[in-house]
Every structure is written in structure tokens, then in C-alpha cells.
Amino acid sequence: MGSASDVRELVDAHYDSLYRYAYRLTGSAADAEDLTQDTFGKALARLPQLREPGRAKAWLFRILRNAYLHRVRDQRRHRTVPLDAVGDLAMEPADVPADVDPAQLQQALAE
């Protein structure tokens, strides 16, 4: 396994089932597409590791699951708050700068 036609067969044979699994995990069509595409990208890079072509489906599902778990961990680590949830921030008055004597400022800069 490794030729372009072998890879195409792998994608054709397993894309739909991997996409459905990714959709169940993410709940989003866009995220499922991204995750499925990432899975095939990682599988292509690791294709020489697939020793038993008959177990390709289980291998691909494992790659997808690990990619999903990695994303979830990253999202927890980099949690963001939507701007809608923040609301309006109280505006504090800016500190009014003290009157500055230009001559004293120039002398301070010269020192």
C-alpha cells in the first residue's frame, strides 16, 4: 500500500463512515469535515506504518479518535470567552495628566 490509487481506494472506502463518526463526536458538519480531512492527512503521512491493509478501517478510526481528543485537550487549554458573554465593560475615567511645564520637561530629558 502506498501508491496514489491505493490511497484513493482508502479514502473512497472509508470517508463516509469516518465523516459520520467525526460528526457524532463534534456535532458540527464543518468540524467533522476538518477532522476527517486531518485524519486522512495523518494517515497518508503514516501509511508505511499500516502493516495489515485489512485493518485499515480500524487504524483510520483510531487516528480520527486521537485527533479529536487532541483537539478537545487543546480547546480546554486555550479556553476562550465569546464577546457576547462579556457584556459592556465599565469605562473608568482616564487619568487626567498633570500640567507639565515644558521647560522642566526639557531639563529632565536633557539629564
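Biologist: Let's start with Thr39: buried or exposed?

Modeller: Keep in mind that this is a predicted model. Thr39 sits in helix H2. The cut-off for buried is under 20% relative accessible area, and Thr39 comes out at 0%, so the label is buried.

Biologist: Which backbone oxygen does the side chain of Thr39 reach?

Modeller: Set aside the neighbours within four places in sequence, and Thr39 is in contact with Leu18, Leu60, Ile63 and Leu64. For the backbone oxygen, look at the 2.8 Å approach of the Thr39 side chain. The residue that carries this oxygen is Leu35.

Biologist: On to the rings: how is the pair of Tyr15 and Phe40 arranged?

Modeller: A search of the whole structure turns up four aromatic pairs. In the one formed by Tyr15 and Phe40, the centres are 6.2 Å apart and the planes make an angle of 15°. Planes under 30 degrees apart get one particular label, so Tyr15 and Phe40 are stacked.

Biologist: How many residues apart are those two partners?

Modeller: Tyr15 belongs to helix H1 (residues 4–26), while Phe40 belongs to helix H2 (residues 29–45). The pair therefore links distant parts of the chain. The separation is 25 residues.

Biologist: Which of the words buried and partly exposed fits Phe40?

Modeller: Its partner Tyr15 has a relative accessible area of 31%, so Tyr15 is partly exposed. Phe40 is at 12% relative accessibility, and that makes Phe40 buried.

Biologist: What about Tyr21 and Phe61: what is the angle between the planes?

Modeller: Tyr21 lies in H1 and Phe61 in H3 (residues 56–77), so this pair ties together parts 40 residues apart in sequence. Phe61 is partly exposed, at 22% relative accessibility. The Tyr21 and Phe61 rings are 5.2 Å centre to centre and count as tilted, with a plane angle of 45°.

Biologist: Which residues make up the aromatic cluster with Phe40?

Modeller: We've already met one member, Tyr15, stacked with Phe40. The cluster that holds Phe40 also takes in Tyr15, Tyr19 and Tyr23.

Biologist: And the largest nonpolar core: which helix gives the most to this core?

Modeller: This core has 16 residues, and Trp59 and Leu60 touch the most other members. The elements that give two or more residues to this core are H1, H2 and H3. With six residues, the top contributor is H3.

Biologist: Which residues does Trp59 contact beyond its neighbours within four places in sequence?

Modeller: Trp59 is one of the two members of the core that touch the most others. With those sequence neighbours left out, the contacts of Trp59 are Ala43, Arg46, Leu47 and Leu50.

Technical notes
Residues numbered from 1 in each chain as written. Predicted model: local features only at pLDDT ≥ 70, side-chain atom pairs only at ≥ 80, totals over all residues. Heavy atoms only, no water. Phe/Tyr/Trp six-rings, centres within 6.5 Å; stacked < 30°, edge-to-face > 60°. Helix = DSSP H or I, 4+ residues; strand = E, 2+ residues; numbered from the N terminus. Buried < 20%, exposed > 50% of the residue type's maximum accessible area, 1.4 Å probe, protein only. Core = buried A, V, L, I, M, F, W, Y, C linked by side-chain atoms within 4.5 Å. Contact = heavy atoms within 4.5 Å. Polar contact = N/O pair within 3.5 Å; in protein donor to acceptor, adjacent residues only side chain to side chain.
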